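Here are my notes on how the chains and domains of this model fit together. Have the coordinates open while you read.

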Amino acid sequence: MSEIKTIVTIASHSALQIMKGAKQEGFRTALICLENRINVYTRFKHLIDNIFIIKEYSDIIRNETQKILLDLDAIIIPHGSFVEYIGIENLYKIESPIFGNRKLMEWEYDQWKKYELLKSAGISVPQVYNKLNDIDRLVIVKLPGAKGGRGYFLAMSKDELIMKAEKLNIDLSQAFIQEYIIGTPMYFHYFYSPIYDRLELLGSDIRYESDVDGLRRIPYNIVEPTFTVVGNIPVVLRESLLTQVFDYGEKFVKITKTKVPPGVIGPFCLEAVCRNDLKIVVFEFSGRIVAGTNLYIQGSPYSWLYFDEPMSMGRRIAREIKLAIENDALDKIIS
Amino acid sequence: MSEIKTIVTIASHSALQIMKGAKQEGFRTALICLENRINVYTRFKHLIDNIFIIKEYSDIIRNETQKILLDLDAIIIPHGSFVEYIGIENLYKIESPIFGNRKLMEWEYDQWKKYELLKSAGISVPQVYNKLNDIDRLVIVKLPGAKGGRGYFLAMSKDELIMKAEKLNIDLSQAFIQEYIIGTPMYFHYFYSPIYDRLELLGSDIRYESDVDGLRRIPYNIVEPTFTVVGNIPVVLRESLLTQVFDYGEKFVKITKTKVPPGVIGPFCLEAVCRNDLKIVVFEFSGRIVAGTNLYIQGSPYSWLYFDEPMSMGRRIAREIKLAIENDALDKIIS
Amino acid sequence: MSEIKTIVTIASHSALQIMKGAKQEGFRTALICLENRINVYTRFKHLIDNIFIIKEYSDIIRNETQKILLDLDAIIIPHGSFVEYIGIENLYKIESPIFGNRKLMEWEYDQWKKYELLKSAGISVPQVYNKLNDIDRLVIVKLPGAKGGRGYFLAMSKDELIMKAEKLNIDLSQAFIQEYIIGTPMYFHYFYSPIYDRLELLGSDIRYESDVDGLRRIPYNIVEPTFTVVGNIPVVLRESLLTQVFDYGEKFVKITKTKVPPGVIGPFCLEAVCRNDLKIVVFEFSGRIVAGTNLYIQGSPYSWLYFDEPMSMGRRIAREIKLAIENDALDKIIS
């Protein structure tokens, strides 16, 4: 940990962006890659100095892998697939430093903890239903382990919910039932810099989800919509919304410092709906880089307000690591 | 007016873009800002030399404010929220030069005048209904003062329209009732340069509106759609549409020279629907910068056809001011 | 053919991008332009050295035009409107070298051949129905000559299909009837470089179609949706989809080498739907530049992974020609 030379991540999600950003800031790079993904990542060897093939993600905590990473003086960048792949139980077993706050990644994995954190921050959140009898409006049902929007479904009433759950063979005692806010979805990409003590807004996107975003093109009611994220579409916000967006971002930084010390480090995302009265309601957060930032590998309409050079989220992470090294403040950005 | 040193606007809408563009062209910058917006704009001090806090927008015409602006050798850039905020009755009381044509801003504020201007230009426009009895197809009802799409509603018939108006407690005598064109919405960002006598197309976008653009994801008919603009999504046009797009733009420049002399100056937008037969129908215009240009702070697919440097609409405005100063032709671009 | 000095295309589709890309790589440029398009292209004279006006597209094979092109040492870049405009029967009469494989352009023109090529490549394709009686799900009906999505329609059953065909006065014996895959549409922009023997992914987009993409905003069932492409919207893909995307691209390159030798040259596009189980199904291909690349005139989120300079598809084509000239390998890229 005394030295950091190589930026490492798992070959998925936003790995290409992270590799490019690391190179732009002068680091060596390495990827941990499943065999069936090799076909993609070997195409970008100019961005990746080393590719380590593993059989399954839990191999990351095997002694040999850990040793390789330590020998590389690696820092590991977690992304949206990271905890999902290695397993929450393995998170603390990784010996190399991780960019960010491991504890926050753990919280993120639990819908109730996530929700409580947002709520206690003073950020507007949807109603959550603990009792089916309380359901009085459109709700979205999220199952534990449902990732990237897969396995979510909608219901207008308790009866409809129970009927669908039976059809899908779902154990409702595990389900997280949340008010479905009517409005437009929007995702805000923040970066909190512990080195500068500065909150930056680096982008925003809309998720492109299958099949819900295709069904609107069909004048038939064939199937229930599903919400599997398959891509991201760029969007800029009505400028007057930035008041709420920065306010929420600051509140999130503050609450994580109190409840999950040392608080959020680097990228995070508030996942929201903007209602027609211009009120923003946040239904989830991500405590690490989100895939929507892949849109902005050459900078976003927001990053160009801060930087006079192309600044992706991947590069911003590498920049923060470089700044931390230069300021002898690595402890501020790793866990 | 003999000298211009500082580019000034109101802190909203496209202010960040205007500030950055001004800096890129070497101007000093200043923002007039309501107290509750300060949290956003102080984050971008590197783009803004002075921030003047006011209590309400009408303070802009107070003597103290006017003096400050005159002392700064300011030119004021109006944007979409400008006339709305300061009030049409205060527009001519501003002593500092305004980039653009104040008279056109006044016309823009009146749905009927707007419509007549487009129509007399020879641009395809939707049918407008003066008598409820004439309604024979889908219409959209726009109320005076309904801004950013808020307060619009749809109706298929006279009866439905009256029913909805009663429900919303609306005085229909004030309503502007327009045929709702079936097709895809598209917004074209033009810049007319009086210095070059050149019409440029600098971008295009699709508005992202709450909650209409979210409702399509819900397989229930819960609520009437609303049309509050909350963001903008980039789009490029089928290249063969450019024939119409440039033709309409030229027609708009020409008619404003005749009917609202000296005509449009700088940015304007035609707000249109493209029908499935590839005919473009224009339902509104904006005689100043639109927020959709915020997408293109580092240039758009169109701006890169004209310029070999990043050219946002904000920068293009500043460039035109610089050109006017260099050519001793400020009178061509201000009012 | 021993020398190539001028990059030429027809004034439509992606011509502006092709002209700019050619200039960036140091070529002379020329456009073949119908009179009614002149209003657009003369605005971009800084990108176009010569504009040749023709009365109808078939004039391209007239002796005078052919001589002009030969005198310019021209290479012709075909785009989506190219074969459609000049006519499949004229394709081989052009004496100047064409960038790409003329034979593939011919195949592309036939829905059945297209479909068979994809299928024999081992790429997932939708079911195709030769007998109306076999229709057992939602289908899309495509008529020969229906271009840019115009003239397509949907049906849920044989009966509905026949009813609609009668209403539209369509000869069903000519129709191409394809399963309509439920999911989200996505278009992948590839470039296969014969010089590098390398497959690149340079972008992806979603088509913006009139009126289907506008109908979703209307809570009425007024009209049957139509699918006329009027623009393109940027999208990035979930990174884990790249495995399939590159696999399909490689399969396409391979099958064209076998079945349509020498195979695809330069840009091509797979036109797909991503299902909610993350399976990509390809319903069509384009064997040349697609208009969705117009989004990325200054580079795309993918092109920036390969190149440290702005690389549009238009520029990539010009770059490949330059590389071929430098390597004395022009025969590899023309036909």
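The points below go from conventions to symmetry, then domains, then the chain interfaces.

1. Ground rules. This is a predicted model, so local features need pLDDT of at least 70 and side-chain atom pairs count only at pLDDT 80 or more, while totals for chains, interfaces and linings use all residues. Residues are numbered from 1 along each chain as its sequence is written, chains are lettered from A and ligands numbered from 1 in the order in which they are written, and side-chain values use heavy atoms, with hydrogens and water left out.

2. Symmetry. A turn of 120 degrees with a shift of 0.0 Å along the axis lays chain A on chain C at an RMSD of 0.0 Å (least squares on the C-alpha atoms of residues with pLDDT of at least 70 in both copies). The two copies are thus related as by a three-fold rotation axis. Looking for a landmark on that axis? In chain A, the residue that comes closest to the rotation axis is Arg216(A), with its C-alpha at 3.4 Å.

3. Domains of chain A. The assignment (automatic or from a database) splits chain A into domain 1 (6–97), domain 2 (108–124 + 182–332) and domain 3 (128–179). Domain 2 of chain A is written in two segments, 108–124 and 182–332. The C-alpha centres of domain 2 and domain 3 of chain A are 25 Å apart.

4. Where domains 2 and 3 of chain A meet. Contact (heavy atoms within 4.5 Å) involves 11 residues of domain 2 of chain A and 15 of domain 3 of chain A. Together the two domains bury about 1,200 Å², with 59% of it on carbon and sulfur atoms; buried area is the accessible area (1.4 Å probe) that two parts lose on being put together, summed over both.

5. Polar links between those domains. There are two salt bridges between domain 2 and domain 3 of chain A (a side-chain nitrogen of Lys or Arg within 4 Å of a carboxyl oxygen of Asp or Glu). Lys142(A) and Glu284(A) form a salt bridge at 2.8 Å, N to O. On the domain 2 side, α6 (111–120), β11 (227–234) and β14 (280–286) of chain A each supply at least two of the touching residues; helices (H or I, at least four residues) and strands (E, at least two) are DSSP runs, numbered from the N terminus.

6. Chain A against chain C. Here 43 residues of chain A touch 46 residues of chain C, and about 3,700 Å² is buried, 59% of it on carbon and sulfur atoms. Arg43(A), Arg217(A) and Tyr220(A) lose the most area to chain C, together 20% of what the chain A side buries.

7. Charges across A and C. The rule finds five salt bridges between chain A and chain C. Lys20(A) pairs with Asp308(C) at 3.2 Å, N to O. On the side of chain A that touches chain C, α1 (15–24), α2 (38–41), β10 (198–211), α8 (212–215) and β11 each give two or more residues, and β11(A) gives the most, with seven.

8. One bridge to click on. Glu250(C) and Arg43(A) form a salt bridge, with the closest N and O atoms 2.7 Å apart. Glu250(C) sits in helix α9 (residues 242–259) of chain C and Arg43(A) in the loop between α2 and β3 (50–54) of chain A, so the pair joins two chains.

9. Chain C against chain B. This interface puts 43 residues of chain C in contact with 46 residues of chain B and buries about 3,800 Å², 60% of it from carbon and sulfur atoms. Arg43(C), Arg217(C) and Tyr220(C) supply 20% of the area that chain C buries against chain B, more than any other three residues. The count is five salt bridges between chain C and chain B, and Glu250(B) with Arg43(C) forms a salt bridge at 2.8 Å, N to O.

10. Which surfaces meet? Only 12% of the interface residues of chain A are also interface residues in chain C, so the copies meet through different surfaces.
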